[in-house]
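Got your viewer open? Let's walk through some charged side chains and see what each one is paired with.

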Amino acid sequence: MSSQPPPSKRQKREEYRKANKEDGLRQLPKKKFYRQRAHANPFSDHQLTYPVSPDLMDWASHYPAYIAAATDQRDTKDSLEPDFRPLKKDVTVADIGCGFGGLLVALAPKLQDELLIGMEIRMQVAEFVQDRIKALRNQNSESSLYQNIACLRANAMKFLPNFFKKAQLQKVFLCFPDPHFKARKHKARIVSSTLNSEYAFVMKPGGIVYTITDVEDLHKWMVQHFDEHASFDRVSKQEEDGDECVNTMMVETEEGKKVGRNQGEKFVACFRRLEDPPWP
């Protein structure tokens with residue numbers, strides 16, 4: 001009598017995620033069933049879905065508690081889908097490369113008046129964060145907690161202006177990004193002269209870009225490129241120390257916790273979006 005071979009790790013992961021969804025996502029997901037490589041190539045084609053423009057982005061499916069009432073909905077353009085449902089407010093906080101969502105979850109109760117979005121290029125990691133948020137919402141169904149956070153699978157290096165209008169974001173987090181140590185890979189870093197111009201485009205004047213890494217060389221790279229950009233000015237150390245978001249970023253991301261366990265050093269730098277100079 002032949003016995004069935006034991007299920008593979010991939011099969012176990014698929015069965016777990018299927019069973020968890022059938023259960024209504026009442027339990028927090030387990031990371032071991034959503035494993036993927038530590039990093040993804042941002043220049044590869046990842047079969048991503050993204051809006052042609054921010055006006056066509058369907059945020060309603062991510063923030064159902066914030067869908068505007070029919071009487072409050074702003075006029076939509078003829079090009080929009082007939083079932084397009086605008087929100088009561090815009091997304092104003094973005095965690096680019098959000099990983100497993102630790103920062104999003106920690107900031108949700110601290111920034112209750114803001115809508116936060118995590119952007120993650122790795123498919124299974126993004127699915128983990130989405131399932132985590134759904135489970136947290138289900139566990140807190142009697143309150144509005146965690147209704148203000150969501151996660152997208154997206155490549156921010158390519159499509160950031162497709163999601164956000166000019167001067168829409170108040171805060172952008174770049175936490176423990178891939179350092180891309182080799183010089184020929186530096187073009188793939190999440191901070192560059194070109195990308196900083198895109199951050200400047202989507203950020204409100206006065207908004208803050210938060211950066212943190214445990215790689216000193218990358219820290220110096222990010223500081224240099226933001227310092228050289230005319231639209232940003234570095235925030236003082238005193239202001240950093242008094243910013244609740246900095247303190248949360250230091251201890252609540254998964255990478256931050258790992259660095260802390262290994263007694264590693266964390267390098268923080270924040271930059272304020274300056275007002276655009278007047279046209280001559």
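Start by selecting R189: its relative accessibility is 1%, so R189 counts as buried (buried means under 20% relative accessible area, exposed over 50%, and partly exposed in between, with a 1.4 Å probe and protein chains only). A quick note before you click on: this is a predicted model, where local features need pLDDT of at least 70, side-chain atom pairs count only at pLDDT 80 or more, and totals for chains, interfaces and linings use all residues. Residues are numbered from 1 along each chain as its sequence is written, and side-chain values use heavy atoms, leaving out hydrogens and water.

Now add D217, which forms a salt bridge with R189, with the closest N and O atoms 3.2 Å apart (a salt bridge is a side-chain nitrogen of Lys or Arg within 4 Å of a carboxyl oxygen of Asp or Glu). R189 sits in the loop between strand 4 (169–175) and helix 5 (193–202), and D217 in helix 6 (residues 216–227), so this pair ties together parts 28 residues apart in sequence. Helices (H or I, at least four residues) and strands (E, at least two) are DSSP runs, numbered from the N terminus. D217 is partly exposed, at 45%.

Next, pick E254 and R132, a salt bridge with its closest N and O atoms 3.4 Å apart. E254 is in helix 9 (residues 254–261) and R132 in helix 3 (residues 123–139), 122 residues apart. E254 is buried at 17%, and R132 is buried at 19%.

Last stop: select K166, R273 and D276, which are linked in a network of salt bridges.
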